[in-house]
Amino acid sequence: MAPAPPLSRVFAELDPAPSPVPEGRAGPSAPPEREVHVSGSAELSARPDRARVSLRLGSRKEAAAAARSSVSRRLQYIAHTARLQGVPEENVTVTEDFSRVESTYQMEAEVCIIFSDFGKMQNVCNLLIEKLGTSVTISPPHFYHTPEAIDTLRRQVCVTAVGNTRRKAQEVCRLFGQALGKPLLVKEEETKEWGGHIDSHLSHSADSQTLQERIQDATAYASCRVFAVFEIKGKENRRSKLL
């Protein structure tokens with residue numbers, strides 16, 4: 001038995017023109033409009049727009065003041081370096097912990113810096129490694145998207161899908177010598193999102209990944225499929241098209 005042929009996918013449908021009304025007969029008062037039914041889709045991606053870097057430092061001294069002073073000087077230098085690179089003060093968060101360990105005092109601190117400019121992030125990290133060396137531990141950057149960035153991606157992919165659908169309808173009408181009219185219906189059929197990170201979800205990227213690999217790993221994707229119905233105005237004006 002021969003295999004069944006694959007199912008065809010309809011991406012556009014051109015409604016037939018209304019039949020002419022014979023003379024002497026009353027036709028319908030408002031003949032149905034001719035329409036073209038089209039489906040279209042789009043897929044877009046967005047690189048992360050934020051990166052968070054965590055720095056850890058500490059000191060253990062016999063005197064409490066000495067432990068505090070050692071950490072305080074490095075914290076001041078970190079804040080100064082970030083400020084010189086244009087990082088807003090509200091994007092720098094410092095958490096300190098002071099404790100007694102046996103007969104010594106221990107001061108620990110963690111600094112979280114959020115960057116919107118990844119070039120400045122690299123500059124800050126390089127300067128801190130150069131000046132502070134092993135006295136500070138810098139974690140690999142965590143790249144993520146702000147909610148505004150994800151909303152923008154969703155809007156853009158939907159608008160792009162609608163634009164692709166309209167262009168497809170224009171091509172279909174042009175193929176049959178027709179002119180495309182106004183949209184009568186635009187319906188979102190399916191949207192999908194995958195990839196990317198948001199601020200509350202830490203990535204599990206390997207420490208051996210390069211910066212570009214981490215950015216690619218955090219890239220968000222979205223797709224959208226729409227169905228649209230457009231009015232057909234009639235024969236295409238070839239003269240105006242040539243002009």
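**Notebook: a walk through the model**

I started at Ser-59 and listed its contacts, skipping residues up to four places away in sequence: Ala-67, Ser-70, Val-71, Arg-74, Tyr-105, Gln-106 and Met-107. I noted right away that this is a predicted model. Ser-59 sits in strand β3, which runs over residues 50-61. Buried or exposed, I asked of Ser-59? Its relative accessibility is 9%, so it goes down as buried, the cut-off being under 20%.

**Overall layout**

Next I zoomed out. I counted up the secondary structure and got five helices and nine strands. Going along the sequence, the order reads β-β-β-α-β-β-α-β-β-α-β-α-β-α. The protein has 243 residues, and 32% of them are buried. I also checked how far the contacts reach: taking those between residues at least 6 apart in sequence, 80% link residues at least 24 apart. For the surface I have about 15900 Å² exposed, with 51% of that coming from carbon and sulfur atoms.

**Cysteines**

How many disulfides does the structure hold? I found zero. Cys-224 is in no disulfide, and the nearest cysteine sulfur belongs to Cys-158, 3.7 Å away. Why does that pair not count? A disulfide needs the two sulfur atoms within 2.5 Å, so 3.7 Å does not qualify. I looked up burial too: Cys-224 has 2% relative accessibility and is therefore buried. Cys-125 is also buried, at a relative accessible area of 15%.

**Second largest pocket**

I then opened the second largest pocket, which has a volume of about 150 Å³. Which residues line the second largest pocket? My list reads Leu-75, Ile-78, Ala-79, Ala-82, Arg-83, Val-87, Pro-88, Glu-89, Val-92, Val-94 and Val-111. Sorted by class, that lining has nine nonpolar residues, two charged ones and no polar ones. By element, α1 (64-84) and β4 (92-101) each put in at least two residues. Helix α1 gives the most, with five residues.

**Glu-102**

Past β4 I stopped at Glu-102, in the loop between β4 and β5 (104-115). I flagged its backbone: phi is positive, about 55°, although Glu-102 is not a glycine. Relative accessible area for Glu-102 is 74%, and because that is over 50%, I wrote it down as exposed.

**Pro-141**

Where is Pro-141? I placed it in the loop between β6 (137-138) and β7 (142-144). Despite the loop setting, Pro-141 is buried, with 15% relative accessibility. Leaving out neighbours within four places in sequence, I logged Pro-141 in contact with Arg-52, Val-53, Met-121, Leu-211 and Arg-214. I also took the C-alpha to C-alpha distance from Pro-141 to Phe-118: 9.7 Å, for residues 23 apart in sequence.

**Leu-184**

Last entry: Leu-184, in strand β8 (residues 178-195). Its relative accessibility comes to 34%, so I put it down as partly exposed, between the 20% and 50% cut-offs. What separates the C-alpha atoms of Leu-184 and Val-229? I got 5.3 Å, although these two are 45 residues apart along the chain.

Terms used
Residues are numbered from 1 along each chain as its sequence is written. This is a predicted model: local features need pLDDT of at least 70, side-chain atom pairs count only at pLDDT 80 or more; totals for chains, interfaces and linings use all residues. Side-chain values use heavy atoms; hydrogens and water are left out. Helices (H or I, at least four residues) and strands (E, at least two) are DSSP runs, numbered from the N terminus. Buried means under 20% relative accessible area, exposed over 50%, partly exposed in between (1.4 Å probe, protein chains only). Contact means heavy atoms within 4.5 Å. On a 1 Å grid over the protein atoms alone, a cavity is a set of points where a 1.4 Å probe fits but cannot get out, and a pocket is an open set with protein on both sides within 12 Å along at least five of seven lines; lining residues have an atom within 4 Å of a point. Grid points are joined across faces, edges and corners, and a volume is the space filled by probe spheres set on the points. Ala, Val, Leu, Ile, Met, Phe, Trp, Tyr, Cys and Pro count as nonpolar, Asp, Glu, Lys and Arg as charged, and the others, Gly among them, as polar. Accessible areas come from the Shrake-Rupley method with a 1.4 Å probe; for residues, only the protein chains shown count as cover.
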